[in-house]
Amino acid sequence: MLTLALSVGHQTTLRLMEVAGAATAVAGAFLFVSSGTPVGRRGGQGIAGLLLAAAGVCWVVAIRWGTGG
């Protein structure tokens with residue numbers, strides 16, 4: 001198994017969690033707006049999907065390699 005020697009500082013962990021939370025909120029807004037308008041459906045849902053994927057990566061990095069409070 002591959003072991004990564006990666007450590008993220010406390011401040012960076014908090015910032016990653018804030019970015020992930022903000023990306024999740026923005027993705028939710030895009031999904032809400034795109035569900036009501038047929039024109040923006042594909043674009044809004046695509047952007048929301050990308051934001052949710054980025055938020056997931058931020059959460060994994062913050063939780064796995066963060067220094068915990």
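User: What makes a stretch of the chain a helix or a strand, and how many of each are there?

Analyst: Helices (H or I, at least four residues) and strands (E, at least two) are DSSP runs, numbered from the N terminus. By that rule the chain has 2 helices and 0 strands. This is a predicted model, in which local features need pLDDT of at least 70 and side-chain atom pairs count only at pLDDT 80 or more, while totals for chains, interfaces and linings use all residues. Residues are numbered from 1 along each chain as its sequence is written, and side-chain values use heavy atoms, with hydrogens and water left out.

User: How do you know what span to expect for helix α1?

Analyst: The expected span is 1.5 Å times one less than the number of residues. Helix α1 covers residues 10-36, 27 residues, so 39 Å is expected. From first C-alpha to last, α1 reaches 40 Å, close to that value.

User: Why is A48 called buried or exposed?

Analyst: Buried means under 20% relative accessible area, exposed over 50%, and partly exposed in between (1.4 Å probe, protein chains only). A48, in helix α2, has 1% relative accessibility, so A48 counts as buried.

User: Which residues does A48 touch?

Analyst: Contact means heavy atoms within 4.5 Å. Leaving aside residues up to four places away in sequence, A48 touches A27, F30 and L31. A48 and A27 lie 21 residues apart in sequence, and their C-alpha atoms are 4.2 Å apart.

User: What is G46 called, and why?

Analyst: G46 is also found in helix α2. Its relative accessible area is 34%, which lies between the two cut-offs, so G46 is partly exposed. The C-alpha atoms of G46 and A27 are separated by 9.6 Å.

User: What makes a set of residues a nonpolar core, and which residues make up the largest one?

Analyst: A nonpolar core is a set of buried Ala, Val, Leu, Ile, Met, Phe, Trp, Tyr and Cys residues joined through side-chain atoms within 4.5 Å. The largest has 7 residues: V8, L16, A20, A23, A55, C58 and A62. The elements giving two or more residues to this core are α1 and α2 (41-65). Among these core residues, A55 touches A20 and A23.

User: Why do V26, F30 and I47 form a nonpolar patch?

Analyst: Patches are made of residues with over 30% relative accessible area and no salt bridge (a side-chain nitrogen of Lys or Arg within 4 Å of a carboxyl oxygen of Asp or Glu). Like charges are joined within 9 Å, and nonpolar side chains (Val, Leu, Ile, Met, Phe, Trp, Tyr) within 5 Å. V26, in helix α1, has 38%, so V26 passes the area cut-off. Together the three residues have about 220 Å² of accessible area, by the Shrake-Rupley method with a 1.4 Å probe, where only the protein chains shown count as cover for residues.
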